[in-house]
Amino acid sequence: MAATFSSFCLISRRFCTRQLLKTATISITGNRFATTSSWHANQKLQPHVQDQQSFNKNWRIVSAVCVERLPVITPPITELESRVQELYNRIEDEQSVISDYEIELNSRHKAALDRLKAIESDVGATDIKELARKEVEGELGELEEEAKLFQPANRITKADEDDDRKSLDRKLADSLFLLVKKARSQHAWQMPQGQHEGEESLRETAERELTEECGQQLNVKFLGNAPCGLYSYKFRSDYQSDQVGAKVFFYKAFHNEGQVILNTDELEDYAWVTGKEMEDYVTPEYYQFLTKFLYLPSIQKE
């Protein structure tokens with residue numbers, strides 16, 4: 001009886017083991033099938049991506065930098081802004097508490113009274129107040145004369161008078177944009193740009209080209225890793241190239257400090273210009289594209 005029970009247990013254990021192996025095999029096979037099916041489905045949904053060499057064969061990939069010097073001073077206020085400012089000043093004068101200037105004036109008046117009271121004399125109380133008032137008025141007059149000597153800096157600089165467009169010390173109330181001039185007759189003026197190379201990112205291309213063309217002293221702050229604009233154009237039919245045109249990815253950057261040290265091997269000239277002045281340098285098509293991500297005045301049609 002014991003031998004029969006042992007044989008039954010052994011058979012049951014073998015049966016259970018076989019069932020477990022069969023279940024595991026079905027599960028693994030099912031997962032493989034599901035994984036393979038998902039992979040094929042994803043491949044159908046994915047767009048066809050060419051390799052880097054094939055991608056660069058038709059279009060030249062270029063990175064450009066839009067370097068902007070932000071306004072240094074506020075622009076002159078308009079007539080409407082001036083009237084609103086006067087209104088707010090009047091409301092503030094009527095509703096505000098005592099100012100720091102008035103606190104200082106009262107403090108000096110009290111101090112003058114205390115000093116005069118300390119003087120042993122036969123001067124009456126009314127005369128003491130009169131002397132205190134004159135003393136305070138004398139000090140107030142000195143402060144007003146000192147204030148009259150203050151002269152604010154001129155909004156028009158020497159660079160403005162000389163129209164020096166290589167200087168950053170001009171058009172202080174406006175933004176200035178950096179343009180460079182290539183050694184060619186057409187489309188010579190543009191923003192610093194250069195061709196993408198190797199495995200570098202588009203931003204790394206923009207940073208490298210800006211340093212190569214404008215020197216290491218020019219310190220700018222890039223606004224993110226993604227381009228802010230894409231400008232595409234085709235080459236002329238007489239241009240010898242196996243590429244049909246160029247795709248220019250623009251990056252925006254703010255000027256921090258430093259001057260341009262021009263690479264004369266690649267460029268002829270450079271200029272810091274306002275949005276309105278830029279119309280005299282670049283082509284209308286190029287300018288119209290820049291208005292998509294820069295606050296530039298619209299082109300005046302004749």
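Here is a friendly walk through the structure shown above, point by point.

1. **The overall picture.** Keep in mind from the start that this is a predicted model. The protein has eight helices and eight strands. Of its 302 residues, 28% count as buried. Contacts across the sequence are worth a look too: among those between residues at least 6 apart in sequence, 68% join residues at least 24 apart.

2. **Strand β1 and its partners.** Try finding β1, residues 59-69, in the viewer. This strand is mostly covered, with nine of its eleven residues buried. β1 runs parallel to β7, and ten bridges join the two. With β4, residues 193-195, β1 pairs in the antiparallel sense over three bridges. β1 and β2 also run antiparallel, joined by two bridges.

3. **Residues that face each other along β1.** Some single residues help to make these pairings visible. Which residue of β7 stands opposite Glu68? The residue is Phe254. Glu68 also stands opposite Phe177 in β2. Ser63 has Gly194 of β4 opposite it, and Arg69 stands opposite Leu176 in β2.

4. **Strand β2 and its partners.** β2 covers residues 176-182, and six of its seven residues are buried. Besides the pairing with β1, β2 pairs with β8 in the antiparallel sense over six bridges. Here Lys182 stands opposite Leu267 of β8. β2 is also joined to β3 by two bridges, again with the strands antiparallel. Lys181 has Trp189 of β3 as its bridge partner.

5. **The hairpin between β2 and β3.** These two strands form a hairpin, with six residues lying between them. Look at His187 in the turn, where phi is positive, at about 50°. His187 will come up again at the pocket, as one of the residues nearest its centre.

6. **The largest nonpolar core.** How many residues make up the largest nonpolar core? There are 23, and those with the most contacts inside the core are Met191, Phe250, Met278, Leu290 and Leu294. β1, β2, β7 (245-257), β8 (267-273) and α8 (284-290) each supply at least two residues of this core. The largest share, four residues, comes from α8. Leu290 is a good residue to click on: leaving aside neighbours within four places in sequence, Leu290 is in contact with Met191, Phe250, Met278 and Leu296. Apart from this core lies another, of 19 residues, including Val65, Val180, Phe222 and Tyr270.

7. **The largest pocket.** The volume of the largest pocket is about 760 Å³. Its lining is made up of 27 residues, and Arg184, His187, Gln190, Tyr233 and Phe235 lie nearest the centre. Two or more lining residues come from each of β1, β3 (189-190), β4, α7 (202-214), β6 (229-234), β7 and α8. What classes of residue make up this lining? There are ten nonpolar, eight polar and nine charged residues.

8. **A buried loop residue.** Is Thr274 buried or exposed? Thr274 sits in the loop between β8 and α8. Its relative accessibility is 8%, so Thr274 counts as buried, since buried means under 20%. Not counting residues up to four places away in sequence, Thr274 touches Lys171, Asp174, Ser175, Leu176 and Phe177. Leu176 is a residue you have already met, opposite Arg69.

9. **Two loop residues with positive phi.** The loop between α6 (158-162) and β2 holds Asp163, and Lys171 lies in the loop between α6 and β2 as well. Asp163 has a positive phi, near 55°, and is a residue other than glycine. Lys171 is not a glycine either, yet has a positive phi of about 45°. Are these residues buried, partly exposed or exposed? With a relative accessible area of 41%, Asp163 is partly exposed. Lys171, at 32% relative accessibility, also counts as partly exposed. Partly exposed is the range between the buried limit of 20% and the exposed limit of 50%. Lys171 is also one of the residues that Thr274 touches.

Notes
Residues numbered from 1 in each chain as written. Predicted model: local features only at pLDDT ≥ 70, side-chain atom pairs only at ≥ 80, totals over all residues. Heavy atoms only, no water. Core = buried A, V, L, I, M, F, W, Y, C linked by side-chain atoms within 4.5 Å. Buried < 20%, exposed > 50% of the residue type's maximum accessible area, 1.4 Å probe, protein only. Contact = heavy atoms within 4.5 Å. Pairing = 2+ DSSP bridges. 1 Å grid on protein atoms, 1.4 Å probe; cavity = no way out; pocket = protein on both sides within 12 Å on 5 of 7 lines; lining within 4 Å. Points joined across faces, edges and corners; volume = space filled by probe spheres on them. Nonpolar A, V, L, I, M, F, W, Y, C, P; charged D, E, K, R; others polar.
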